[in-house]
Amino acid sequence: MSGPGVRRTTWAALSARRRALGALAAWSAVEALPALLGGMLVARAVDRGFLAGRFGTGLAWLCGLAVAVLVGAAATGRVYRGLGALVEPFRDELAGRVVHGALREATRAGGRADSAAVARLTHQVEVVRDTFGGLVLVVRGFLFTAGAALLGLLALAPPLAVAVAAPLAVGLAVFGASLPAMVAHQRAQVTAGERLGRSAASALAGHRDVVACGAQARVVSEVGLRVTAQADAERTLARMAALRSLSLGVGGWLPVVVLVLAAPWLVRQGLSAGAVLGALVYVTTGLQPALHAVVQGVGGGGLRYAVTLGRILRTSGPPGPNPRPAAGPRGATALAVPPPAGGDAPAVELRGLTFRYGPHARPVLADLCLSVAAGEHLAVVGPSGAGKSTLAALVAGLVAPDAGTVHLAGVPVAGTPPQELARLRTLVPQEAYVRTGCLGDNLRYLRPDADDATLLDAVHALGAGALVARLGGLDAALDPAALSGGERQLVAAVRAYLAPAPLVILDEATCHLDPTLEATVEDAFARRPGTLVVIAHRISSATRAGRVLVFDGNRPLVGTHDDLLTRSPTYRELVGHWADVAPPARVPLGRT
């Protein structure tokens, strides 16, 4: 019915929850009590009660059956609770696997975020959850209900048990033998439908060109072939559904026919009328419904489960560990940044870097070479749209270049896992991310083992003491929507300051702060051990840097502030433009 990955994942999900599975089995056994006792109690009610002229006795046996039904109904409620304990953790694991795979793809070098794929896969997780729960219910129901009915029938009349079990086994064998073919033909039907849809859409979209080229007959023939292929797949699938009906007929209805036809002979052989009626009760209320449920459930929901889970496993890949950034020992108050992995290698080295948004677009960066020494402070300036943020994304490994290489501390960004890149660099974007939770947890996000003293040192170094005090301290609960843009940027800046990565990239990460607080933040990062690259929002950021990279048309230039004033007309223009704009009035951090 499914591939090895689906079977292995399903078995792992069940094996990991043996306790929940055991509880489910125990309540299922109680739920099957009516199936076990139903035929026997009916036989006693008929033989020892109604046919013997003792109406009260017969009614008492039926009351016993009613009690068994009530007990089974109470157990059914417990079964559904146990099912939740089995199914919901599996759903959570699959959701985590999907999210992990999407994030891994989005954060790898050259990866792209695909929100549509995430939405599609999360819907598929719910499909797997529902079908997995349904499969557990119907398979469990068949095993316990059919097993209880056969046991009861064996206790009531052993020859009848053999006569009923034989066609039941044949029906199950027919269904089991046809199931792989049903899965294959169902997949073929889905594939044929998709191909027909694509073919018809292409023909409709290009109908004018088709008419102009006189290719109507050819296009109609191609679409007709797709229609024929889908019709063939539908007919084949219908034939397979007939096999499913055959298995139900053989396993569910043939025992009834056998009992009805053999009833006169059985009575002549000494079997009581009550026993014959009890046997019919076992078949019609126990075996037949259980077989119908398992055939329909496995043949319908089981197919959706196998196909959908297989799709999730193929697209999300194996689950990976949740890496934690390296950090210094607990209790340390000094900021610990590990040395560069490459020894004397530059903190950032770009070789022949070229990037364009599309195969025919003008390059945003063309053959760019740059080396940033460990411990250096570099500012990047240029007109809007010149490629500054693109450069930050390339250095951080969020996008892959069309040509050239990026090395961080001697480590090539291409092919380096995201968790390893996180040890080398920290990128702070303009739109700061703050999650719901306490302030301290937000600040510790990149350094989980930092104690309160370390957090407060960073807070005061970046001028965030007033914000922390206003919010109520490190244990204060944060509502991201209630924070201003400047407050969110300040929280993100403190978080990045605490990160163990030796390289920090500020991509207009202080644009919502007033100039004075922006200077405090950048000065703190400049004093921080490690390398700082600032995508400048104000020209003052360039004047504080040791070197400046300016995007001057197609010729990026690197130099000091004073050097670029003489060499770069673009830099002189930027300095003059920004200098002519009066700095905005300082807005309290609570509201920007």
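**Note on the predicted model**

1. Leu59 is found in helix α4, and this is a convenient place to begin reading what is a predicted model. The side of the question that matters here is exposure: Leu59 is partly exposed, since its relative accessible area is 40%, a value that lies between the 20% under which a residue counts as buried and the 50% over which a residue counts as exposed.

2. Leu59 also belongs to a nonpolar patch on the surface, which it forms with Phe50, Phe55 and Leu62, and these residues together have about 360 Å² of accessible area. Helix α4, which spans residues 55–107, gives the most to this nonpolar patch, with three residues.

3. For the chain as a whole, the reader should expect 19 helices and twelve strands. Of the 592 residues in the protein chain, buried residues make up 44%, while the accessible surface of the chain comes to about 28,500 Å², with 62% of that surface belonging to carbon and sulfur atoms. Among the contacts in the protein chain with a separation of 6 or more, 77% are accounted for by residues 24 or more positions apart.

4. Turning to the strands, there is an open sheet of four strands in the order β2-β1-β4-β5, and the pairing in this sheet is antiparallel. Its edge strands are β2, residues 365–372, and β5, residues 411–412, each of which pairs on one side only. Strand β1, residues 348–355, pairs with β2 in the antiparallel sense over five bridges, and within β2 the residue that stands opposite Phe355 is Leu365. As general background, strands of a sheet pair through backbone hydrogen bonds, either parallel or antiparallel.

5. How many of the six residues of strand β11 are buried? Five of the six are, so this strand, which covers residues 547–552, is largely enclosed by the rest of the structure. Strand β3, residues 377–381, is joined to β11 by four bridges, and the two run parallel; Val381 has Val550 in β11 as its bridge partner. Strand β12, residues 555–559, is joined to β11 by five bridges, and here the two run antiparallel. Val550 appears again in this second pairing, where its bridge partner in β12 is Leu557, so a reader tracing the pairings can follow Val381 to Val550 and then Val550 to Leu557.

6. Helix α13, residues 452–461, has as its buried residues Thr454, Leu455, Ala458 and Val459. They cover an arc of only 135° around the axis, which puts them on the same side of α13. What do the buried residues of α13 pack against? Their partners are α12 (439–443), α14 (465–471) and α15 (485–498).

7. Leu456 is also found in helix α13, but it is partly exposed, with a relative accessible area of 33%. Leu456 and Gly473 are 17 residues apart in sequence, and their C-alpha to C-alpha distance in space is 9.7 Å. After α13 comes Gly463, whose phi is positive, near 75°.

Methods: Residues are numbered from 1 along each chain as its sequence is written. This is a predicted model: local features need pLDDT of at least 70, side-chain atom pairs count only at pLDDT 80 or more; totals for chains, interfaces and linings use all residues. Side-chain values use heavy atoms; hydrogens and water are left out. Buried means under 20% relative accessible area, exposed over 50%, partly exposed in between (1.4 Å probe, protein chains only). The arc is that of the directions from the helix axis to the C-beta atoms. Contact means heavy atoms within 4.5 Å. Patches are made of residues with over 30% relative accessible area and no salt bridge: like charges are joined within 9 Å, nonpolar side chains (Val, Leu, Ile, Met, Phe, Trp, Tyr) within 5 Å. Accessible areas come from the Shrake-Rupley method with a 1.4 Å probe; for residues, only the protein chains shown count as cover. A salt bridge is a side-chain nitrogen of Lys or Arg within 4 Å of a carboxyl oxygen of Asp or Glu. Two strands pair if DSSP finds at least two bridges between them.
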